[in-house]
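Trainee: Could you take one part of this structure and go through it closely? I would like to see how the surroundings of the metal site fit into the rest of the fold.

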Amino acid sequence: MIKLFLLDLDGTLTEDRNSTAIDVDAINAIRTLQNNGIKVGLVSGNSYPVLRGLYTYLNLNGGFVAENGCIVFFEGQKYRVCKIMDKNILNEFRSLFKLKDTWQNDYRECDFGFTPAILTDNMVEWAKSRGLYIRSSGYAVHIAYKPAGKGVGVKKLLELQGLRKEEVAAIGDSLTDIEFFNEVGLKVAVGNADEELKSIADFITTNKSGKGVKEFVTKLLRGEINV
Ligand SMILES: O=C(O)COP(=O)(O)O
Ligand SMILES: [Mg+2]
């Protein structure tokens, strides 16, 4: 039985990929889910303050994971599970690749985002040589010290709640959700997700992003998803 539903934010809870408008139907759907006793949480590459605010105002109860796995929040407590980023590494990345800092970098500790969200082979090589995690969410290129990635944060969040993988469902859109999916029992990709994520999903929604969230939640509550 699913006890916790974890959602990616950008491209999943929004109206579309590349949009930051949260889909109101998706909000209503997750509220109904919580009212039916299933906890709801967020797992995102966004910074801690952004997610803390959103989590509060969406009135969620299943905790959240910020900074692509590096920061975990549950029941009033914040946990940092990755190494703090070295400013020299950020400066090296900036000078080598000329990407733009995302506005949330002022509020980050471990995982930093840059735009445009296009990952090149040179960036991957550089990250490898520095022992860094690097991925594009479709919104930004993210770098952090390894071990990082949404999986490390999700693992911690499940431990804090005493939940088994099989009791948790996840929904996402991008390659940053691969590690997230590896830590849960039921993996759902929105209809417009990256092909690689779809290839490891148990369920792919017909609809894109937020409308896909609504579609999955409706099916789950009707008992139409076999878990
Ligand atoms: O922070 C980003 O770049 C994307 O965030 P997401 O993990 O919510 O899709
Ligand atoms: Mg996303």
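**Around the metal site**

Mentor: Not counting residues up to four places away in sequence, D8 touches L13, V43, S44, K150, I171, G172, D173, D177 and F180. This is a predicted model, and that applies to everything below. D8 sits in the loop between β1 and α1. Its relative accessible area is 4%, so D8 counts as buried. In UniProt, an unreviewed entry lists D8 under "active site".

D8 is also a metal ligand. The magnesium ion (ligand 2) has three protein donor residues: D8 and D173, each through OD, and D10 through O, at 2.1 to 2.2 Å from the ion. Along the sequence these donor residues follow the spacing D-x1-D-x162-D. Distant parts of the chain are linked by the pair D10 and D173, which are 163 residues apart: D10 is in the loop between β1 (4-7) and α1 (24-35), and D173 is in the loop between β10 (168-172) and α6 (178-181). D10 and D173 are both buried.

T12 belongs to the same picture. Like D8, T12 lies in the loop between β1 and α1. The side chains of D8 and T12 make a polar contact at 2.7 Å. A polar atom of the T12 side chain also lies 3.4 Å from the backbone nitrogen of D173. T12 is therefore placed beside two of the magnesium donors, with D8 on one side-chain contact and the D173 backbone on another. Why does T12 count as buried? Its relative accessibility is 0%, and buried means under 20%. Beyond the neighbours within four places in sequence, T12 is in contact with I171, G172, D173, V190, S209, G210 and V213.

K150 is another of the residues that D8 touches. K150 is in helix α5 (residues 150-161), and with a relative accessible area of 1% it is buried. The unreviewed UniProt entry gives K150 as a "binding site". Apart from neighbours within four places in sequence, the contacts of K150 are D8, V43, S44, G45, N68, G69, T176, D177, E179 and F180. V43, S44, D177 and F180 appear in the contact lists of both D8 and K150.

Now the sheet behind the site. Eight strands make an open sheet with mixed pairing, in the order β5-β4-β3-β2-β1-β10-β11-β12. β5 (77-80) and β12 are the edge strands; each has a single partner strand, so one side of each is left without a neighbour in the sheet. Helix α2 (residues 48-57) packs on this sheet and touches β2 (39-43), β3 (64-66), β4 (71-74) and β5, with its direction at about 155° to that of β3. Helix α8 (residues 209-221) lies across β1, β10, β11 and β12, and runs at about 155° to β10. S209, G210 and V213, which T12 contacts, fall within the residue range of α8.

In the sheet order β1 stands beside β10, and these are the strands that lead the loops of D10 and D173. β10 pairs with β11 in the parallel sense over 4 bridges, and I171, a contact of both D8 and T12, stands opposite V188 in β11. From strand β11 (residues 186-189), L186 and V188 point one way while K187 and A189 point the other way; all of these are buried. On its other side, β11 runs parallel to strand β12 (residues 203-204), joined by 2 bridges. The bridge partners in β12 are F203 for V188 and I204 for A189.

There is a second open sheet. It has 4 strands in the order β6-β7-β9-β8, paired antiparallel. Its edge strands, each pairing on one side only, are β6 (100-101) and β8 (132-136). β8 pairs with strand β9 (residues 141-145) in the antiparallel sense over 5 bridges, and the bridge partner of S136 in β9 is V141. Helix α4 (residues 121-130) packs on this sheet, touching β8 and β9, and its direction makes about 155° with that of β8.

Methods. Residues numbered from 1 in each chain as written. Chains lettered and ligands numbered in written order. Predicted model: local features only at pLDDT ≥ 70, side-chain atom pairs only at ≥ 80, totals over all residues. Heavy atoms only, no water. Donors = N, O, S within 2.8 Å, 3.2 Å for Na, K, Ca; no water. Buried < 20%, exposed > 50% of the residue type's maximum accessible area, 1.4 Å probe, protein only. Pairing = 2+ DSSP bridges. Contact = heavy atoms within 4.5 Å. Axes fitted to C-alpha atoms, helices over the stretch in contact; angles between N-to-C directions. Polar contact = N/O pair within 3.5 Å; in protein donor to acceptor, adjacent residues only side chain to side chain. UniProt positions renumbered as here; feature names shortened; annotations may be inferred.
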